[in-house]
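Reader: I'd like a close look at one part of this model, taken slowly. Could you pick a spot, walk me through it, and then work back along the chain?

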Amino acid sequence: MPITERIVIDADPSIKKMLSEISEEYGETMKAVVCSLIESKYKELQLRKQGEISEYFLNSTLENLKN
């Protein structure tokens with residue numbers, strides 16, 4: 001059984017209710033909703049990492065200009 005299906009099956013009843021409501025509202029399966037949320041959080045994480053890397057290089061460049 002795929003992990004997204006196990007997540008839905010093993011979820012707390014309140015989480016299942018929320019997933020069910022979101023699923024009905026958007027006309028998607030609970031699995032699709034879970035996958036979409038994971039993808040969204042992953043993109044957010046990648047953007048945060050990218051921002052941290054950009055900030056590091058900016059700081060390094062500024063330090064090099066001072067020297």
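Author: Let's start with Tyr56 and Phe57, both of which are exposed. Keep in mind that this is a predicted model, so read what follows as a description of that prediction. The structure holds one aromatic pair, and these two residues make it: the ring centres of Tyr56 and Phe57 sit 5.5 Å apart with their planes at 65°, so the pair counts as edge-to-face. The cut-off behind that label is an angle of over 60 degrees between the planes.

Now back along the chain to helix α2, which covers residues 13–26 and includes Ile15. Ser14 has its place in helix α2 too. Its side chain reaches the side chain of Asp12 in a polar contact of 2.6 Å. Ser14 comes out as partly exposed, because its relative accessibility is 38% and that class runs between under 20% for buried and over 50% for exposed. For a feel of the spacing here, take Ser14 and Glu24: they are ten residues apart along the chain, and 15 Å separates their C-alpha atoms.

Ile15 is partly exposed as well, with a relative accessible area of 37%. That value matters for the next bit, because patch members need over 30% relative accessible area. Ile15 joins Met18, Ile22 and Tyr26 in a nonpolar patch on the surface. Put together, those four residues offer about 400 Å² of accessible area.

Methods: Residues are numbered from 1 along each chain as its sequence is written. This is a predicted model: local features need pLDDT of at least 70, side-chain atom pairs count only at pLDDT 80 or more; totals for chains, interfaces and linings use all residues. Side-chain values use heavy atoms; hydrogens and water are left out. Patches are made of residues with over 30% relative accessible area and no salt bridge: like charges are joined within 9 Å, nonpolar side chains (Val, Leu, Ile, Met, Phe, Trp, Tyr) within 5 Å. Accessible areas come from the Shrake-Rupley method with a 1.4 Å probe; for residues, only the protein chains shown count as cover. A salt bridge is a side-chain nitrogen of Lys or Arg within 4 Å of a carboxyl oxygen of Asp or Glu. Helices (H or I, at least four residues) and strands (E, at least two) are DSSP runs, numbered from the N terminus. Buried means under 20% relative accessible area, exposed over 50%, partly exposed in between (1.4 Å probe, protein chains only). A polar contact is a pair of N or O atoms within 3.5 Å; within protein, one must be able to donate a hydrogen and the other to accept it, and residues adjacent in sequence count only if both atoms are side-chain atoms. Rings of Phe, Tyr and Trp (its six-membered ring) pair if their centres lie within 6.5 Å; planes under 30 degrees apart count as stacked, over 60 as edge-to-face and the rest as tilted.
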